[in-house]
Structure formats: structure tokens, C-alpha cells
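I opened this model to go through its core, its charged pairs and its surface. My entries follow, in the order in which I looked things up.

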Amino acid sequence: LGYAPFVRLALPCVVFDEFLWAVVAKVQDVWTRKVCALPMSVELVVLPILDTLHFIPVVTKVFLLAILEYPMYDGPAQYPMVLVLCALAWTGH
């Protein structure tokens with residue numbers, strides 16, 4: 001149904017992205033509670049940028065999956081364009 005290319009190409013990036021998000025959140029929480037409060041510039045500028053940057057590989061992989069892999073996918077899915085549209089929608093969210 002289209003999960004084989006996703007599992008092979010995009011899932012490792014998705015799992016790594018979720019791991020990085022959890023690590024950044026945990027480090028921020030522990031640092032704020034145990035060490036000292038983060039400066040406002042770090043909380044308002046640096047952390048949102050880091051939160052966005054770690055998501056770029058996921059968006060790139062899913063976009064490339066939609067453009068390069070799913071149009072020529074010959075698995076059990078009867079409508080590869082539905083897979084393309086779903087992957088592009090997931091990329092845009």
C-alpha cells in the first residue's frame with residue numbers, strides 16, 4: 001500500500017527527528033530546572049530555530065519520496081498518484 005518506500009527511505013529520518021525533538025525538550029527542561037534559566041534570546045530565537053532545523057531532513061526525504069519514488073511505485077497500490085498527493089500533503093503540514 002505504499003509503506004515499503006516510506007519505511008525504507010523516510011522512516012529513519014522521522015524516528016531521528018522525533019528523537020532529536022525529545023532530546024532538545026529534555027535538555028531545555030533539565031537545564032532550566034537544574035542549572036539556570038535560559039536567556040530570553042535563547043528561548044525566543046535559538047530554540048525555535050533548532051526546533052525547525054531538525055525537521056528539514058524529514059521534509060526533504062518525504063518530498064523526494066513523493067517526487068522520485070511514488071510516481072513509479074509498482075506495489076499493491078493501484079493509484080500511485082494518491083501516494084504522491086498524500087506525501088506532498090504530509091510535507092506541507
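**Entry 1: V58**

I started with V58, which is buried, with a relative accessible area of 2%. I kept in mind that this is a predicted model. V58 sits in helix α3. I then asked which residues V58 touches, not counting those up to four places away in sequence. The list is C13, V14, D17 and W90. I also checked V58 against L9. They are 49 residues apart in sequence, and 9.9 Å separates them in space, C-alpha to C-alpha.

**Entry 2: the core**

Next I looked up the largest nonpolar core. It has twelve residues in all: A10, C13, V14, V58, V62, L65, A66, Y70, Y73, L83, V84 and A87. Which helices each supply at least two residues of this core? I found α1 (3–35), α3 and α4. Helix α3 gives the most, with four residues. V58 is on the core list, and so are two of its contacts, C13 and V14.

**Entry 3: the tyrosines**

I searched the whole structure for aromatic pairs and found three. I noted the pair Y70 and Y73: the ring centres are 6.1 Å apart and the planes stand at 70 degrees, so this pair is edge-to-face. The cut-off for that label is over 60 degrees. Are Y70 and Y73 buried or exposed? Both are buried. For Y73 I read 16% relative accessibility. It counts as buried because the limit is under 20%.

Y73 lies in the loop between α3 and α4. Y73 and P5 are 68 residues apart in sequence, yet 8.4 Å apart in space, C-alpha to C-alpha.

**Entry 4: P80**

I moved on to P80, in helix α4 (residues 80–92). What does P80 contact, leaving aside its neighbours within four places in sequence? I found Y70, P71 and Y73. So both tyrosines of the edge-to-face pair are contacts of P80. P80 and Y70 are ten residues apart in sequence, with C-alpha atoms 5.9 Å apart. P80 is partly exposed, at a relative accessible area of 22%.

**Entry 5: salt bridges**

How many salt bridges does the structure hold? I counted two.

I took E69 and R8 to begin with. Their side chains meet in a salt bridge at 3.1 Å, N to O. This pair links distant parts of the chain: E69 is in helix α3, R8 is in helix α1, and they are 61 residues apart. E69 counts as partly exposed at 26% relative accessibility. R8 is exposed, with a relative accessible area of 51%. The limit for exposed is over 50%, so R8 falls in that class.

Then I took D29 and R33. Their side chains meet in a salt bridge at 2.9 Å, N to O. Where do D29 and R33 lie? Both are in helix α1, four residues apart, about one turn of the helix. D29 is partly exposed at 32% relative accessibility. R33 is exposed, with a relative accessible area of 56%.

**Entry 6: the nonpolar patch**

I turned to the surface. A nonpolar patch of about 750 Å² is made by M40, L44, V45, V46, I49, L50, L53 and I56. Which helix gives the largest share of the patch? Helix α2 (residues 40–53) does, with seven residues.

I looked up I56 as well. I56 is placed in helix α3 (residues 56–69). I56 is partly exposed, with a relative accessible area of 44%. Patch residues need over 30% relative accessible area, and I56 at 44% is therefore above that limit.

**Entry 7: L64**

My last look was at L64, also in helix α3. L64 is partly exposed, with a relative accessible area of 39%. Its C-alpha atom is separated by 9.9 Å from that of T91, 27 residues apart along the chain.

**Entry 8: helix α3, gathered**

I put my notes on helix α3 together. V58 in this helix is buried at 2%. L64 is partly exposed at 39%, and I56 is partly exposed at 44%. E69, also in α3, is bound to R8 by a salt bridge. The helix also gives four residues to the largest nonpolar core.

Methods
Residues are numbered from 1 along each chain as its sequence is written. This is a predicted model: local features need pLDDT of at least 70, side-chain atom pairs count only at pLDDT 80 or more; totals for chains, interfaces and linings use all residues. Side-chain values use heavy atoms; hydrogens and water are left out. Patches are made of residues with over 30% relative accessible area and no salt bridge: like charges are joined within 9 Å, nonpolar side chains (Val, Leu, Ile, Met, Phe, Trp, Tyr) within 5 Å. Accessible areas come from the Shrake-Rupley method with a 1.4 Å probe; for residues, only the protein chains shown count as cover. A salt bridge is a side-chain nitrogen of Lys or Arg within 4 Å of a carboxyl oxygen of Asp or Glu. Buried means under 20% relative accessible area, exposed over 50%, partly exposed in between (1.4 Å probe, protein chains only). Contact means heavy atoms within 4.5 Å. Rings of Phe, Tyr and Trp (its six-membered ring) pair if their centres lie within 6.5 Å; planes under 30 degrees apart count as stacked, over 60 as edge-to-face and the rest as tilted. A nonpolar core is a set of buried Ala, Val, Leu, Ile, Met, Phe, Trp, Tyr and Cys residues joined through side-chain atoms within 4.5 Å.
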